Amino acid sequence: MQIKSAEFIMSNSIVAKCPASQLPEYAFIGRSNVGKSSLINMLMQRKSLAKTSGRPGKTQLINHFLINKNWHLVDLPGYGYARVSKTSKKVFQKFITDYFSKREQLVLAFVLLDIRHDPQPIDLEFMQWMGESQIPFSIIFTKADKLKPKALERNVETYKQKLLETWEEVPPSFVTSSSSGLGRDAVLDYIGNINASYFNS
Ligand code: GDP
């Protein structure tokens with residue numbers, strides 16, 4: 001998919017106030033500092049699209065961007081400021097869980113994971129919650145340029161094995177680097193293909 005246009009639409013914390021259009025949308029979420037803003041800017045080939053909404057006061061909101069005038073990219077707040085708590089509700093702010101539970105336009109979420117680290121409880125807990133809530137998601141591993149190829153392969157495999165302890169299958173996953181652009185075409189084509197079936201159905 002070529003990116004012809006990418007426009008910031010709105011930020012808010014109330015799901016009912018998100019854009020009313022029926023365009024398909026894809027949400028990006030991960031621990032703070034996982035590289036989400038960088039990834040969004042890399043995918044959209046804009047220097048500071050995500051940062052525009054990341055100005056003070058806007059980072060803890062649901063941010064909608066209109067892409068190619070026919071789908072929404074949603075930048076959700078980073079999680080993980082608090083240490084892992086017993087209930088996901090304490091860790092994930094209510095409006096985020098509301099967004100996932102109520103937003104009918106949501107086609108798929110991308111859960112971002114920093115490939116340098118071992119599987120972290122907070123990420124595993126979040127994906128567990130997504131699974132239990134039946135929200136489709138795929139995984140984007142970030143910062144691939146920070147590891148040598150062997151370590152990269154090993155960490156991806158470690159993550160997949162960890163997921164297979166609780167999941168029957170591993171969700172689709174992408175290895176990306178915002179520095180090198182690795183994974184850009186794969187992620188955009190994946191979205192493009194889902195959109196094609198969405199618009200043709
Ligand atoms: P966010 O909090 O998830 O939006 O994370 P940012 O996009 O602000 O990135 C956090 C830090 O990681 C920044 O210092 C980025 O420059 C760095 N970073 C993000 N993505 C990459 C990447 O793909 N490669 C490298 N080397 N650094 C990255």
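Me: Which residue of β4 does I67 stand opposite?

Reply: I67 stands opposite W71 in β4. The model is predicted, so local features need pLDDT of at least 70 and side-chain atom pairs count only at pLDDT 80 or more, while totals for chains, interfaces and linings use all residues. Residues are numbered from 1 along each chain as its sequence is written, and side-chain values use heavy atoms, with hydrogens and water left out. Helices (H or I, at least four residues) and strands (E, at least two) are DSSP runs, numbered from the N terminus.

Me: How do strands pair, and in which sense do β3 and β4 pair?

Reply: Strands of a sheet pair through backbone hydrogen bonds, either parallel or antiparallel. Two strands count as paired if DSSP finds at least two bridges between them. β3 and β4 (residues 71–75) are antiparallel, with five bridges, and H64 has V74 as its bridge partner in β4. The two strands form a hairpin with three residues between them. In that turn, N68 has a positive phi of about 50°.

Me: How many bridges join β1 to β3?

Reply: Six bridges join β1 (residues 6–12) to β3, and the two strands run antiparallel. F8 has F65 as its bridge partner in β3.

Me: Is β3 largely enclosed or not?

Reply: Buried means under 20% relative accessible area, exposed over 50%, and partly exposed in between (1.4 Å probe, protein chains only). In β3 (residues 62–67) six of the six residues are buried, so the strand is largely enclosed by the rest of the structure. I62, H64 and L66 point one way, N63, F65 and I67 the other way, and all are buried. For the chain, buried residues make up 49% of the 201 residues.

Me: What is the strand order of the sheet?

Reply: The sheet is open, has seven strands and mixed pairing, and its order is β1-β3-β4-β2-β5-β6-β7. β1 and β7 (173–175) stand at the edges with a single partner strand each, so one side of each is left without a neighbour in the sheet. The twist averages 25° from one strand to the next; angles run from 0 to 180 degrees between N-to-C directions, and axes are lines fitted to C-alpha atoms, for helices over the stretch in contact.

Me: Which strands does α4 touch?

Reply: Contact means heavy atoms within 4.5 Å. Helix α4 (residues 94–102) packs on the sheet and touches β2 (25–30), β3, β4 and β5 (106–114). Its direction makes about 150° with that of β2. α5 lies across β2, β5 and β6 (137–142), running at about 165° to β5.

Me: How is a helix pair read, and at what angle do α4 and α5 pack?

Reply: Two packed helices are described by the angle between their axes and the distance between the axes. α4 and α5 pack at an angle of about 35°, with axes 11 Å apart. T97, F100 and S101 in α4 meet F126, W129 and M130 in α5.

Me: Which residues of α5 are buried?

Reply: An α-helix has 3.6 residues a turn, so residues three or four places apart point the same way. In α5 the buried residues are I122, D123, E125, F126, M127, W129 and M130. Helix α5 (residues 121–132) has twelve residues and reaches 16 Å from its first C-alpha to its last, close to the 16 Å expected at 1.5 Å a residue; the expected span is 1.5 Å times one less than the number of residues. Q134, which follows α5, has a positive phi near 60°.
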